[in-house]
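Trainee: Could you pick a single part of this chain and take me through it closely? I'd like to see how it fits in with everything else.

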Amino acid sequence: MDSENMKIKGVTESTKIIKTRTVCYGSLSLEHKKIYDEADLYISNKHPIKCVCGKLCTGLHEKTCSKFRSAVNREFFKRIEDLNSIKKE
Ligand SMILES: [Zn+2]
């Protein structure tokens, strides 16, 4: 990931609450950056030929495609929610 100032915006849904969050990639902890990069890779691998939006994907396209980015953000927030629930237990 190249931009420390990249904004990560996502909606998280739990049973009762829907939250919209925006965080800055540069402000994430190393642990969360790692999770973000994993989420990015996960979505990328899940759509190896065509992007989430249906276009042929290239590395550059994935960096700029808003549908791809929001899929990654969604996955990221889902993963950190999981992490939070693990910590609480
Ligand atoms: Zn796309």
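Mentor: Let's begin with who touches whom over distance. Taking the contacts in the chain with a separation of 6 or more, 45% of them join residues that sit 24 or more positions apart. Keep in mind that this is a predicted model. The chain averages a pLDDT of 83, and 81% of the residues score at least 70. Confidence is not even along the chain: strand E1 (residues 7-13) is lowest, with a mean of 74, while H1 is highest, at 95. That makes H1 my pick for the close look.

First, a quick bearing. Along the sequence the order is β-β-α-α-α, so to speak two strands and then three helices. H1 runs over 30-46. It has 17 residues, and from its first C-alpha to its last it reaches 24 Å, close to the 24 Å you'd expect at 1.5 Å a residue.

Now roll H1 around its axis. Tyr36, Ala39, Asp40 and Ile43 are the buried residues in H1. They share one side of the helix, because the arc they cover is only 100 degrees around the axis. The general rule behind that spacing is that an α-helix has 3.6 residues a turn, so residues three or four places apart point the same way. On the other side of H1 you'll find Leu30, Glu31, Lys34, Leu41 and Asn45, which are exposed.

What does the buried side of H1 join? Tyr36, Ala39 and Ile43 belong to the largest nonpolar core, which has ten residues in all. The others in that core are Ile8, Phe68, Ala71, Val72, Phe76, Phe77 and Ile80. Two elements give two or more residues to this core, namely H1 and helix H3 (66-88). H3 gives the most, with six residues.

Ala39 is a good spot to see H1 meeting H3. Leaving aside residues up to four places away in sequence, Ala39 touches Val72, Glu75, Phe76 and Arg79. Two of those partners, Val72 and Phe76, are core members themselves. Then look at Arg74, which is found in helix H3. Arg74 and Ala39 are 35 residues apart in sequence, yet their C-alpha atoms are 8.8 Å apart in space. Arg74 counts as partly exposed, because it has 17 C-beta neighbours inside 10 Å, and buried would take 20 or more.

Next, back up to the stretch that leads into H1. Leu28 is found in the loop between strand E2 (18-24) and H1. Not counting residues up to four places away in sequence, Leu28 touches Val23, Lys33 and Tyr36; Tyr36 is one of the buried residues of H1 we met above. Leu28 and Glu4 are 24 residues apart in sequence and 9.4 Å apart in space, C-alpha to C-alpha. With 18 C-beta neighbours inside 10 Å, Leu28 counts as partly exposed.

For contrast, go to Ser66, which lies in helix H3. Ser66 is exposed, with 10 other C-beta atoms within 10 Å. Its C-alpha is separated by 8.8 Å from that of Cys53, 13 residues away along the chain.

One last number for scale: of the 89 residues of the chain, 16% count as buried. Four residues of H1 are in that buried group: Tyr36, Ala39, Asp40 and Ile43.

Conventions
Residues numbered from 1 in each chain as written. Predicted model: local features only at pLDDT ≥ 70, side-chain atom pairs only at ≥ 80, totals over all residues. Core = buried A, V, L, I, M, F, W, Y, C linked by C-beta atoms within 7 Å. Buried ≥ 20, exposed ≤ 12 C-beta atoms within 10 Å, placed from the backbone. Contact = placed C-beta atoms within 7 Å. Expected span 1.5 Å × (residues − 1). Arc of directions from axis to C-beta. pLDDT = per-residue confidence, 0-100.
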